[in-house]
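Please walk me through this structure, one chain at a time, and then show where two of the chains meet.

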Amino acid sequence: MRPWSAILIPVVAGLAALLLSAIPLAFAGAPILPAYAQMVAGVFGSVFTATETLTRATPLIFTGLAAAIAFRARFWNIGGEGQLYLGALAAVWVGTGMIDGPPILMIPLVLAAGAVAGAVGLLGPALLKTRFGADEVVTSLLLNFIILIFVQMMLEGPFKDPMGLGWPQSEPILDSAALPALVDRMRLHAGFLIGIAAAFVAHAVLAYTVWGFRARAVGDNATAARHAGIGVRRTILGVAIASGACAGLAGVSEVAGLKGYLTSDLSPGFGYAGIVVAMLAGLSPIGVIAASLFVASVFVGADSMSRAMGVSSFLADLIVSMSLICMLVGGFFARFRLRLRAAPAP
Amino acid sequence: MIDILQIFLSESFWAASLRIASPLIFGVLGALLCERAGVLNLGIEGIFVVGAMTGWMTVWLGAPLPVGVLAAAFSGALFGFLHSVLTVPLGLSQHVSGLGITLFASSLASFTYRTALPQVSSPPRIEPFRSLDVPILTDLPFFGPVLFQQTALTWLALILVCVVWWIMDRTPLGVALKAVGDNPEAVNAQGLSVIRLRMGAVVVGSSLMALGGAFLTMSAFDAFFFGMVNGRGWICIALVIFASWQPGKALIGALLFGMFDALQVRLQTEAGALVPPQVFLMMPFILSIIALVIVARRADYPRALLTPWFKGQR
Amino acid sequence: MTSLAPGPPVGPGTPAMPGPILAMRGMTKRFGPLLAADSIDLDLNQGEVLALLGENGAGKTTLMNMLFGEYTPDAGEVRIRDPSGNEEVLPPGQPQAAIAARIGMVHQHFTLAENLTVLDNILLGTEPPFSSRRSRRRARARLHRLMEASGLNASLDVRIRELSVGERQRIEILKALYREARILVLDEPTAVLTPQEADSLFGAVRELVREGLSVIFISHKLREVLAFSDRIMVLRHGRRMGEMPTSEADVGKIVRMMVGEEHAGVDRSPGEPSAPALVLEKVSVPSSRAQRALFEVSLTIHEAEILGIAGVAGNGQSTLAQIISGLLQPGEGSISIGGKNVRRLTPARALREGIGRIPEDRYQDGIVADMSVAENIVIERLDSPEIQRRGILRRAAIATHAEFLIDAHDIRCPGPHARTALLSGGNIQKLILARVLEAQPGIILANQPTRGLDVRAAGEVSRRLIAARDRGAGVLLISEDLDEVLALSDRILVMQGGRIAETKSRDRAVIGAMMTGGSVG
């Protein structure tokens with residue numbers, strides 16, 4: 001894909017999805033132009049709404065990176081949601097009093113724990129694929145359900161907060177382990193910066209290192225990569241670890257940066273939305289930043305509009321899913337043009 | 001030990017197994033049709049949701065139950081058509097398109113439901129399918145309760161197994177369908193349309209998936225809840241591999257799954273005090289993964305699965 | 001409906017009808033800037049074999065795809081004369097129309113579904129979607145009569161995946177005959193057959209031609225064309241260069257027409273083999289769905305020699321190549337390289353031991369199409385300090401290196417950062433060759449190195465392999481083109497049924513007999 005179309009197509013796709021949302025809006029009986037105005041105001045209306053959007057984008061950057069890295073190597077990690085919860089669980093396990101120390105020690109520790117947990121969560125499907133040839137799409141998907149039930153079990157068992165008035169929630173994260181806020185009196189936290197740093201690191205690793213070279217080669221043509229002496233299984237396991245770790249960090253950032261404790265409704269589907277983010281980004285780690293800002297804007301804007309206009313808040317999910325489909329179609333037209341120009345058949 | 005034996009001897013256990021298997025039979029058959037033609041349909045989870053919602057809402061709006069079933073099938077066909085356009089003539093990634101369909105279908109279903117029913121505290125109910133109660137047969141010992149007290153939708157599922165088997169194994173259409181999932185060029189060279197065959201299979205397969213969803217709201221339960229599909233679609237994708245893309249084995253796979261699920265519900269009541277209930281809730285998913293791993297090495301995937309076909313290009 | 005012969009009973013006694021049975025006029029097709037077919041005319045008479053010749057990219061396949069409605073021509077029309085003598089114009093771009101006009105094609109890549117039986121494959125598309133089983137019984141009876149009449153035999157209830165390529169070829173022709181083809185197009189039908197199988201194929205087709213079938217025959221093998229066709233037509237760069245009766249043609253004349261100059265054969269002085277470079281000792285591999293079996297295969301490649309392996313594709317050559325590439329571990333037997341025993345040969349190990357590999361399927365195994373030319377050039381040496389330092393790619397060095405090789409090997413591409421998918425087949429092969437030779441390998445495995453390349457590109461590949469040998473490399477040349485093996489090899493082995501035998505003979509007939517299992521033991 002040419003650079004200009006890599007930017008143009010997702011932008012057009014996003015706009016198209018927003019335009020298409022006029023149909024469900026009309027169906028719900030909302031006045032259309034005021035509804036759009038409310039959406040824009042809901043995102044850009046004030047410092048508060050703007051930081052809320054960035055806050056919402058934070059987990060999406062991580063889950064988007066998880067999907068982008070894995071999909072680059074044609075490893076279909078659809079289990080971002082589960083890995084996110086594993087990361088969050090590890091964060092509360094380490095960060096709620098198991099040990100205590102200064103933030104300089106605790107924050108990296110909590111982040112590391114979450115990353116490891118997420119990586120372990122994807123290592124299962126990766127091993128089942130490399131050892132037994134089991135399709136990772138199905139295993140990583142089903143693992144989402146298993147992990148979520150497991151988290152519920154933990155929250156009603158060993159992780160339950162005795163002070164939680166009987167609610168199935170974890171004890172709160174220690175202050176020393178919490179990610180600091182970035183703007184005074186706003187919810188935006190350091191997780192956002194960590195996410196952006198992670199995106200740049202991922203970009204550099206993919207583009208400039210031998211490891212990234214191998215991952216891309218395996219993704220584009222595993223047979224040729226194997227023939228060229230690249231260890232395909234090892235590469236896939238490596239990619240799975242990196243991808244799972246990113247998704248795990250999403251969980252840490254939500255627990256340690258935003259919520260402060262873990263409940264079983266921590267994520268409204270950030271893992272799945274991460275797939276949309278990755279596709280909108282054209283699987284580019286830097287693009288993930290922009291794409292997650294877009295998806296977060298849709299969520300925040302549509303939520304605000306929903307509240308104001310009495311339209312169902314499922315509208316946000318609807319717009320996000322439509323943008324994925326528009327993106328797919330747009331990508332087709334870009335490739336189609338390329339094919340016409342580049343491949344004068346036999 | 002005795003307890004388990006008792007469970008296996010009870011009529012209600014077998015009746016429950018068949019009931020739990022019914023939506024999966026629809027789903028596995030649908031996935032099988034799509035994949036045999038060479039198209040993976042990860043839209044299944046969302047299509048289940050849409051089928052469940054559409055079937056329920058049609059009846060809730062006053063239509064008779066069979067119309068609800070047709071409406072559900074039609075809604076599935078619509079999303080199947082979208083998936084088939086994206087993956088067959090446009091040749092886009094079947095993985096991503098399917099996930100997109102799932103996200104789109106389930107959010108559209110939820111949005112429609114919420115928009116139609118903005119403020120309800122408990123989901124409104126409909127009068128669902130009742131068990132058939134065939135005279136005389138129902139009173140048979142054992143088989144009566146197990147087979148003849150099921151609803152018409154369960155019977156529809158069983159009939160569809162035979163229909164799909166007959167089409168796949170006994171008709172030129174089935175031969176063409178299997179060929180298009182193995183080597184589309186073979187089909188094209190004989191003047192048949194690869195595009196139409198594949199799109200047709202995905203549309204029909206998706207409408208079967210939607211029937212699986214409709215079973216949930218119109219037979220198993222009597223209302224629509226958010227999250228009621230709860231991974232059943234994904235389980236079908238695992239089962240179709242387990243069934244090596246054969247309708248007969250698909251039935252067996254779904255029934256085995258139904259049995260394990262019925263068993264765990266009964267064990268849960270027996271052993272509930274000892275083991276957290278979540279352990280039992282996890283079982284269906286763990287079982288699906290195990291089933292997948294068992295067959296993975298010798299799974300005979302349709303050769304052209306996931307491979308788009310373009311005219312005049314090989 | 002159930003006539004035995006394809007088409008109406010136009011035997012030798014029937015008076016020939018006036019005019020050609022197929023007339024293509026002014027056929028033109030453009031792909032972007034490329035004029036793939038430039039106003040080509042083609043006539044085919046009833047009961048004749050017309051050979052269509054030309055280098056790769058000359059326009060043969062494009063022309064046939066327009067005949068079959070696979071491509072819609074930009075200009076030109078196809079006229080068919082039906083059995084009653086009426087001419088009709090085929091609607092462009094409709095495969096069904098070509099099939100209805102009873103034009104049959106045997107593609108170079110078989111169009112068979114491997115998961116179906118022979119009968120299902122033949123009947124595919126001939127019956128209404130829900131027709132009864134009884135029609136199958138009738139079809140079966142008709143097929144048996146057809147097989148008897150044509151001498152093409154097959155068991156109808158076997159799945160295609162269990163058949164050899166030669167058998168599949170026969171099914172393809174049966175398929176066309178079952179549809180009562182009057183015009184049959186054979187696209188390189190003998191590429192995968194032994195000389196004997198090819199001869200029997202030509203015998204069967206000759207028989208059908210006598211009964212009125214008309215054949216368009218596409219081949220690279222001039223010997224076959226001269227022996228089998230009635231008339232020869234040559235295409236070059238999408239244009240018709242001329243035609244002649246086969247009786248007036250000879251190799252020199254045809255080649256001049258095809259390439260525009262006298263084709264210089266590859267000059268080759270005999271090599272001077274020295275120490276053994278690679279030794280396989282009684283290597284056996286059990287058969288599986290993925291590969292053919294090998295039985296106690298022993299061979300020695302010496303330094304500075306080209307060891308040719310002749311044989312029909314599918315007799316274990318791919319398995320042998322996989323073992324030497326490190327992709328497959330032999331069940332039994334040993335491998336030693338440069339005198340030392342190698343226990344577990346992986347692709348990475350093979351590279352370290354100095355084995356350069358030119359894979360059989362260059363698109364699938366040779367390149368990562370979505371990566372750049374430069375990346376594909378360095379992909380086999382990612383551990384080298386010239387390519388990376390502490391895991392970081394040295395991008396500038398990689399680009400310079402790629403530019404150097406692009407120049408040295410005349411790889412036509414927009415530049416080192418261009419996607420490799422944009423390159424033509426010949427240039428992709430040059431890239432692979434550049435990558436292999438750059439590493440100065442002691443052993444080169446060249447598996448079908450010139451397959452699908454035109455005369456010029458193939459000659460270039462051959463010259464490079466000989467140069468590598470003269471430098472001291474041991475080359476293992478696997479080729480299904482016996483002429484190529486004969487032209488390049490210092491020694492020749494023949495592979496058949498997973499076994500290998502050496503031959504001192506350079507006689508095509510003797511080697512051909514070995515390839516069919518006549519005298520290998």
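**Chain A: overall form**

With 346 residues, chain A would be expected to have a radius of gyration near 20 Å if it were a compact globule, and its value of 21 Å agrees with that. The model is a predicted one. Taken along the principal axes, the C-alpha atoms of chain A fill a box of roughly 70 × 55 × 35 Å. Of the 346 residues in chain A, 59% are buried; buried here means that 20 or more other C-beta atoms lie within 10 Å of the residue's own.

The secondary structure of chain A consists of 14 helices and 0 strands. Read along the sequence, the pattern is therefore α-α-α-α-α-α-α-α-α-α-α-α-α-α, with helices and strands taken as DSSP runs. As for contacts in chain A between residues at least 6 apart in sequence, 77% of them join residues at least 24 apart.

**Chain C: helices and strands**

Chain C has 17 helices and 22 strands. Its radius of gyration is 25 Å and the globule rule gives 24 Å for 521 residues, so chain C is as compact as a globular protein of that length. The C-alpha trace of chain C spans about 75 × 50 × 50 Å along its principal axes. Buried residues account for 47% of the 521 residues in chain C. Among the contacts in chain C with a separation of 6 or more, 69% are between residues 24 or more positions apart.

One part of the strand arrangement can be followed in detail. Strand 11 of chain C, residues 276-285, runs antiparallel to strand 12 of chain C, residues 294-302, and 6 bridges join the two. Within this pairing, C:Leu280 stands opposite C:Leu299 of strand 12. Strand 11 of chain C also pairs with strand 14 of chain C, residues 332-337, again in the antiparallel sense, over 5 bridges. Here C:Ser284 stands opposite C:Glu332 of strand 14. Strand 11 thus has pairings with both strand 12 and strand 14.

**Where chain B touches chain C**

How many residues of chain B are in contact with chain C? There are 21, and they are in contact with 25 residues of chain C. On the chain B side, helix 8 (172-182) and helix 9 (184-189) each supply at least two residues. Helix 8 of chain B gives the most to this side, with 7 residues. By residue class, the side of chain B that touches chain C divides into 9 nonpolar, 5 polar and 7 charged residues.

Key
Residues numbered from 1 in each chain as written. Chains lettered and ligands numbered in written order. Predicted model: local features only at pLDDT ≥ 70, side-chain atom pairs only at ≥ 80, totals over all residues. Pairing = 2+ DSSP bridges. Helix = DSSP H or I, 4+ residues; strand = E, 2+ residues; numbered from the N terminus. Rg over C-alpha atoms; globule rule 2.2 N^0.38 Å. Buried ≥ 20, exposed ≤ 12 C-beta atoms within 10 Å, placed from the backbone. Contact = placed C-beta atoms within 7 Å. Nonpolar A, V, L, I, M, F, W, Y, C, P; charged D, E, K, R; others polar.
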